[in-house]
Amino acid sequence: MSSTVISNIATLVTNDPSLGDASPLGPVHDAAVVIEGDRIVWTGASSKAPATDNRVDAEGGAVLPGFVDSHSHLVFAGDRTEEFNARMSGRPYSAGGIRTTVAATRAATDAQLEANLTRLLTEALRQGTTTFETKSGYGLTTEDESRALRLAARHTDEVTFLGAHIVAPEYADDPAGYVALVTGEMLDACAPHARWIDVFCEKGAFDGDQARAILTAGRAKGLHPRVHANQLSYGPGVQLAVELDAASADHCTHLTDADVDALAHSRTVATLLPGAEFSTRAAWPDARRLLDAGVTVALSTDCNPGSSFTSSVPFCIALAVRDMGMTPDEAVWSATAGGARALRRDDIGRVAPGAYADLLLLDAPSHVQLAYRPGVPLVRTVWQKGRKIEQRWV
Ligand code: NIG
Ligand code: FE
């Protein structure tokens, strides 16, 4: 197995608080990292780096863990440019727009869905995402949901069954019948292809009782819960997520003090998705309030054709810093270690011996520039499980 040292790193973000200045990012200056195969085997001062087969000169750039995008919806066809355009002229966002994508997705071939998924993954990887979770939810029949999961599972282990995205159009007059389908035949067909089960718990989608029934049924089949919670309005989603020990309550835009308190006393991560508020011109989730209460916060893209058509974690970091009260350090932690927590993983989201060699090299000496220089393609090189993806143009 060949070894590579990345040396001459101005700032290495390790997410190991025992290193550096004892802040959660564990920053090490003038640092080096050694990769062997798909793992990190050594970190430390550049001057003390051991001899290796290959050498990469970081030329004074910052290195950080690859982004962990713990919430996306990438198996779909078509887009909703017109819906976005109308929204920017004042029309509100509603859960119902999902039906447009369901129709396009059902009509698409496997090859078309695969091509769209691959295009979005490449786009995300170029911007530094080395791990991503993705969901079904634009099929809403047993066959279309299991097809989406099978396609997703070719690209990631973090696959989520979201048959309960909205009630399928065929069941518009019989939501109980749709919940029976999702918890019965559809779940049986989908569970073998997924790790997680999710529900859109919201007015116009599924209420608290329906969501509990669906998540509990999923758990009985070995899937672990995560919840779209409190996105468009106050509601029971966050409390339900905590009650069921969900790995994550996602969105968390409308929270009562009791919701914040419940999250703070749980293992459930609050995953904030500022691309959704950006693209729907909605009020931002209050990250500062959650952090001050002691809640673990993750940042993710929610990449989907309706409410957040961005695959860019750096863009979400910039929004979170500018508009949600996060410091650049907090936002970078949430997009790396926070995402790993939201997926209950400790082999990603940090730079330490034993972790996967998922790394980013920036064309900037500090991770702070991800927020300071918004919209600028700062990610120069990405390593995904030790595989180097170079994207230097000059
Ligand atoms: O996370 N909230 C539910 N699902 C997506 C929106 C999907 C869509 O509009 O197509 C979200 O924002
Ligand atoms: Fe979502």
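How far apart do the C-alpha centres of domain 1 and domain 2 lie? They sit 29 Å apart. What you see is a predicted model, where local features need pLDDT of at least 70, side-chain atom pairs count only at pLDDT 80 or more, and totals for chains, interfaces and linings use all residues. Residues are numbered from 1 along each chain as its sequence is written, while chains are lettered from A and ligands numbered from 1 in the order in which they are written.

**View 1. Where domain 1 touches domain 2.** The domain assignment (bounds from an automatic or database source) gives domain 1 as 3–66 + 349–390 and domain 2 as 68–342. Their contact (C-beta atoms, placed from the backbone, within 7 Å) takes 22 residues from domain 1 and 21 residues from domain 2. On the domain 1 side, strand E5 (62–65), helix H14 (369–372) and strand E16 (379–384) each give two or more residues. E16 gives the most, with three residues.

**View 2. The two sides of helix H9.** Helices (H or I, at least four residues) and strands (E, at least two) are DSSP runs, numbered from the N terminus. In H9 (residues 257–264), Asp259, Val260, Ala262 and Leu263 are buried, meaning 20 or more other C-beta atoms, placed from the backbone, lie within 10 Å of a residue's own (12 or fewer is exposed, in between is partly exposed). Down the helix axis, these buried residues fall within an arc of 160° (taken from the directions from the axis to the C-beta atoms), so they line one face. On the other side, Asp257 and Ala258 are exposed.

Key. Two residues are in contact if their C-beta atoms, placed from the backbone, lie within 7 Å.
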